[in-house]
Structures are given as structure tokens and as C-alpha cells.
Amino acid sequence: MLTTAETPVRDLAALLDDLSAAEPSVRRAAARDLAAHPEAAMPACDRLEIEASPSVRAVLLTTLIHLQSPAVAVRLAAHLRSEDVPLRNAAIEALQEMPDAIAPHLQDLLADEDSDVRIFAVNILGALRHAQAPEWLAEVVRSDPHINVCAAAVDALAEIGSLETLIDLENLRRRYDGNAFMEFAIDAAMRRIEGQ
Amino acid sequence: MAASTAARLKDQSPAMTDEEYAKFCEFFYRKSGIQFQAGKKYFVERRIADRIEKTGAESFRDYFTMVRFQTTGEELQLLVNAMTVNETYFFREDYQFDALVDAILPEIARTKRPKEPIRIWSIPCSSGEEPYSIAISILERWSQADTWDIEISASDIDSKILHAARTGMFSERSLSRVSAPLRSKYFIPRPDGNFQICDELRESIDFSLVNVIDSLQTHRFRNIDVIFCRNLLIYFDDVGRRETVEMFFDALGPGGFVCLGHSESMSRMSSIFLPRKFGETIVYQKPLSVE
């Protein structure tokens, strides 16, 4: 018979101790079991900042998806500035799994002075299960001054854009008139959205 | 009667343009790992039409919007369930069994100490075709089979299907890819036209009831060398997939392998495994040394 018993919850203090154990398997087990402790979200975020093992990082991020909150999303979004590419990509993937938690922070990310951070924010939006995602991407196309950020938004709109965004793409095409890459990307996105 | 049914079903079609179909397929592949070719449009349309009717959506466009942006992902999950077909038979996707005996087991054997068991775990094992196919492939095709202690575990969440696996009774259809020599060697014909797998094989596999997301139940699986987990993760949401492959990571010994279904890719679930290509199949390896 399948057990209906609840998995016993391990003591939080012991789990936090294990989170800095020498053996990665002990840290993975602790990171996984922290998902039962909502108050462990910030300590898990702290550990993620110094954790070097990819497998432990992966489990920490899965736990943070479970414990998601706007505060967790802000901590993860800080990794968008990281030079550690695997960690940055893992953070983007985790943030895509927490639409309600990251949504309040996305406007800040989309207004960041660093264009790379804005591109990563667009990458999050492209796969975010959030009703506002197409409109936020359209706003990027309307207002972002950086061509690479706009190009990333065009890519994302090709997948999730609606007919209402066509006018913004047409305007963007005019803004980058003569730029072969942008014309190609915008035309392809418009064709996809129009269902041609 | 048949004509009116056909007309009703035709009316349920969601009327997707080819571009919408392509867009849907790309989205569905990204989310589920399941790929549909152009020839599957009718199959896909029928199932979408059914989901449109059940959800009360006005059109394909409305329904697609809901699937993409529903925060809970519930409708996407229901759509995945509708798009998958539970079907199994002996030597399904047999190129993975070829890879097992031609490359994976020899590689594992090179790093094993003598008398150390080689452990294989089939999950979900359904009615047993997969673990029995693994056992037969090893017995028939791996020259070192008699040299090693090989433990095959097989697990499923469904107790009824597990009972069927232990009983080992199979239909002619299930054995369609089993050659006559193998049938006579490993199966006993029954009066009702079915075939029962021989006792020796039935007793060689350790069947157990396991829910893959219950860590209490999976904890006893450690130092596994090869996990066959085919066409299960397509039923899970993204977080469920992450948790399951992370559980596999702990269940595997160093250098252990995970074999997924042909339409599933680890790259969309986790980056902690190394992809390895053996013949026509890609499998995923836990690093020999885990930092």
C-alpha cells in the first residue's frame, strides 16, 4: 500500500547545520527538506550565494520555488547580475516558475540601467505564466532604448504576443528602419502572431 | 448513427491554421518534451477540441491563451494527460536496450569491483514489459551477464498494474516484437491465448510499490547504476520534474545513468547530469565525481 503518512519534518536548526556540511549529498538532503520550512527561505537564499556544488544549487533552487515569495524573487533576481553563468541561468529558470512572486519586481528589472539585466528580465517574461506578460513585453518594445533588449522582446513576443502587439512591432520596425536583423526578426514575429 | 457521430466530432475541431498548429506544437514541446509532426494535426486537434469543450473556451485562441498563462498550470497538465497514450509492449524503444548491453553495462563493469552488484531500476514499470525486456536483453546479448550479480528493481505507483507485472501474463499484442525463439525460451503459452513469462524471470525482478515523489519510499534506492524512467516525466509539471530528477541524482551511484523516453530531454529539467550519446540514444549520466 502507498503510505498516507506525512513525511516526518526534520528539525530546522539541524537542517541549517547540514546545509554547510562537507558532503554534498548531506547538503542536498538538507536543501530538499528545507522546503517544509517556510522560514528557511532566506537562509536558503544565503546558502545559494556561496554554494559551489551545481547539484546542491539545483536542489536549493527547487526548494526556493516551493518557498517562493516576492522576497525570495528579489534575492534570486540579484543573480541576474552574476558573472557565474550557470547560476544566472538557473536563477532565470527558477524565477520563471514563480510568476506571482516575481511579477511585482519585474518593472524594476525592466527599468534597470544595465541592459543585460533588462534582457534577462525579458527572458524571464517570455516563459512566465502571467497574463500581463505580453503587455509588459510590448511596453519594452515601445520604450526600451537598447536594440538588444528590444530584439529579445521581439523574440518573446513571437511566442506569446497577441494581435494587439502588432502595432508596437510595426512602430519598432520603423524605429530600426534599414537594420536588416531587426526587420527580419520583427517580420518573423508578426507573421507568427498573425497566424500566417 | 456513425455518420452523425462523425459530424459531431468534426464540429468539435478547433479550426487551427497551420501556423497556429506549429505555434502550439512548439509551445507544447517546450513544456512537455512531446513533439508532434505535421501528420499528427488531426490527433492534436481532436484532443484540443475536447479540452475546449470541457473548459468552455470560446475558440482555440482563447483556449491557448488560458493554457499559456494559467498560473496553476492545471489546464496544461490536463492537456498533457490528454495528449499522452499509455501503451507499452516488449522491447519498446529497444535502441535503449541496445545501448544498455552494448555500451552502458560494459562501461559500468569497468569501474565495478568484482562481486559488487550492478543495480538497474525501472520506474514506472507498468505491467512489467520494460523490466522483463531489460532482463531478456541482458541475458541474451551481454556476454558478461553471468559474471556479474545484476539486480533489477521495478516500481510503479499503481498496485493493480504492479500485481499484473508480478503475474507476468501478457497478450499476443504485447509480445508482437518478441521473436519466436525468445517466446519459446522465456514464455509459457496459456490456454486463453496469453503468454506467461517464465518463473525464473518473474522471480528475478524485485517489484515494489513506489510513488516517485515520496522521499520516504525512494530513499531505499541507492547506488543504482541505471535508471529507466521513460514517459513518466511528461505527466509532471516543471517543479515535479526537477524534484524527480534530483531524486534520481541521489539514487544513482557515481557515474550512474538515467534513460528517459525518446521525446523527453533532461536539458529542460536539470543541468546536473551529463548527456551521453550511445548509438541512437542520448542518456544522462551523474558525474563520476560530485562536487
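Chain A comprises twelve helices and zero strands. The description that follows rests on a predicted model. Read from the N terminus, the elements of chain A follow the order α-α-α-α-α-α-α-α-α-α-α-α. The C-alpha trace of chain A extends over about 60 × 40 × 25 Å along its principal axes.

Within chain A, the packing of helix 3 (residues 41–50) against helix 4 (residues 54–66) was examined. The axes of these two helices of chain A are 10 Å apart and enclose an angle of about 150°. Helix 3 and helix 4 of chain A are therefore roughly antiparallel to each other, an angle over 145 degrees being counted in this way. The crossing of helix 3 and helix 4 of chain A is left-handed. On the side of helix 3 of chain A, the contact involves Ala41(A), Ala44(A), Cys45(A), Arg47(A) and Leu48(A); helix 4 of chain A contributes Arg57(A), Leu60(A), Thr63(A) and Leu64(A). Classified by residue type, this contact of helix 3 with helix 4 of chain A holds six nonpolar, one polar and two charged residues.

Chain B is divided into domain 1, covering residues 2–83, and domain 2, covering residues 95–285. A distance of 32 Å separates the C-alpha centres of domain 1 and domain 2 of chain B.

A helix pair is also found in chain B, between helix 3 (residues 41–55) and helix 4 (residues 60–69), where the packing angle is about 80° and the axes are 10 Å apart. This angle makes helix 3 of chain B roughly perpendicular to helix 4 of chain B. From helix 3 of chain B, Ile48(B), Arg51(B), Ile52(B) and Thr55(B) take part in the contact, and from helix 4 of chain B, Phe60(B), Tyr63(B) and Met66(B) do so. Five nonpolar, one polar and one charged residues make up the contact of helix 3 with helix 4 of chain B.

Seven strands of chain B form an open sheet of mixed pairing, in the order 6-2-1-7-8-10-9. Strand 6 (205–209) and strand 9 (274–278) of chain B occupy the edges; each has a single partner strand, so one side of each is left without a neighbour in the sheet. On average, and with direction ignored, neighbouring strands of this sheet are turned by 25° against each other. Within the sheet, strand 7 (residues 224–229) and strand 8 (residues 252–260) of chain B run parallel and are joined by five bridges. One bridge partner is Val258(B) in strand 8 of chain B, which is matched to Ile227(B).

Two helices of chain B are described here in relation to these strands. Helix 7 (residues 129–141) of chain B lies across strand 1 (118–122), strand 2 (150–156), strand 6 and strand 7 of chain B, and runs at about 165° to strand 2 of chain B. Helix 8 (residues 159–167) of chain B packs on the sheet and touches strand 2 and strand 6 of chain B; the direction of helix 8 makes about 165° with that of strand 6 of chain B.

An open sheet of three strands is also present in chain B, with the order 3-5-4 and antiparallel pairing. Its edge strands are strand 3 (169–170) and strand 4 (187–189) of chain B, each of which pairs on one side only. Strand 4 of chain B is linked by three bridges to strand 5 (residues 195–197) of chain B, and the two run antiparallel. Ile188(B) has Gln196(B), in strand 5 of chain B, as its bridge partner.

Two loops of chain B show notable backbone geometry. Most residues other than glycine have a negative phi, and most peptide bonds are trans. A cis peptide bond, with omega about 0°, joins Ile123(B) and Pro124(B), and Pro124(B) is placed in the loop between strand 1 and helix 7 of chain B. Asn223(B), a residue other than glycine, has a positive phi near 55°; Asn223(B) is located in the loop between helix 11 and strand 7 of chain B.

The interface between the chains brings 27 residues of chain B into contact with 27 residues of chain A. On the chain B side, helix 2 (18–32), helix 4, helix 11 (215–218) and helix 12 (238–251) are the elements that give two or more residues. Helix 12 of chain B supplies the largest share, seven residues. By class, the side of chain B that touches chain A consists of nine nonpolar, eight polar and ten charged residues.

Terms used. Residues are numbered from 1 along each chain as its sequence is written. Chains are lettered from A and ligands numbered from 1 in the order in which they are written. This is a predicted model: local features need pLDDT of at least 70, side-chain atom pairs count only at pLDDT 80 or more; totals for chains, interfaces and linings use all residues. Two strands pair if DSSP finds at least two bridges between them. Helices (H or I, at least four residues) and strands (E, at least two) are DSSP runs, numbered from the N terminus. Axes are lines fitted to C-alpha atoms, for helices over the stretch in contact, and angles run from 0 to 180 degrees between N-to-C directions. Angles under 35 degrees count as roughly parallel, over 145 as roughly antiparallel, 65 to 115 as roughly perpendicular and the rest as oblique. Two residues are in contact if their C-beta atoms, placed from the backbone, lie within 7 Å. Ala, Val, Leu, Ile, Met, Phe, Trp, Tyr, Cys and Pro count as nonpolar, Asp, Glu, Lys and Arg as charged, and the others, Gly among them, as polar. Domain bounds come from an automatic or database domain assignment. A crossing is left-handed if the near helix is turned anticlockwise from the far one by less than a right angle, and right-handed if clockwise.
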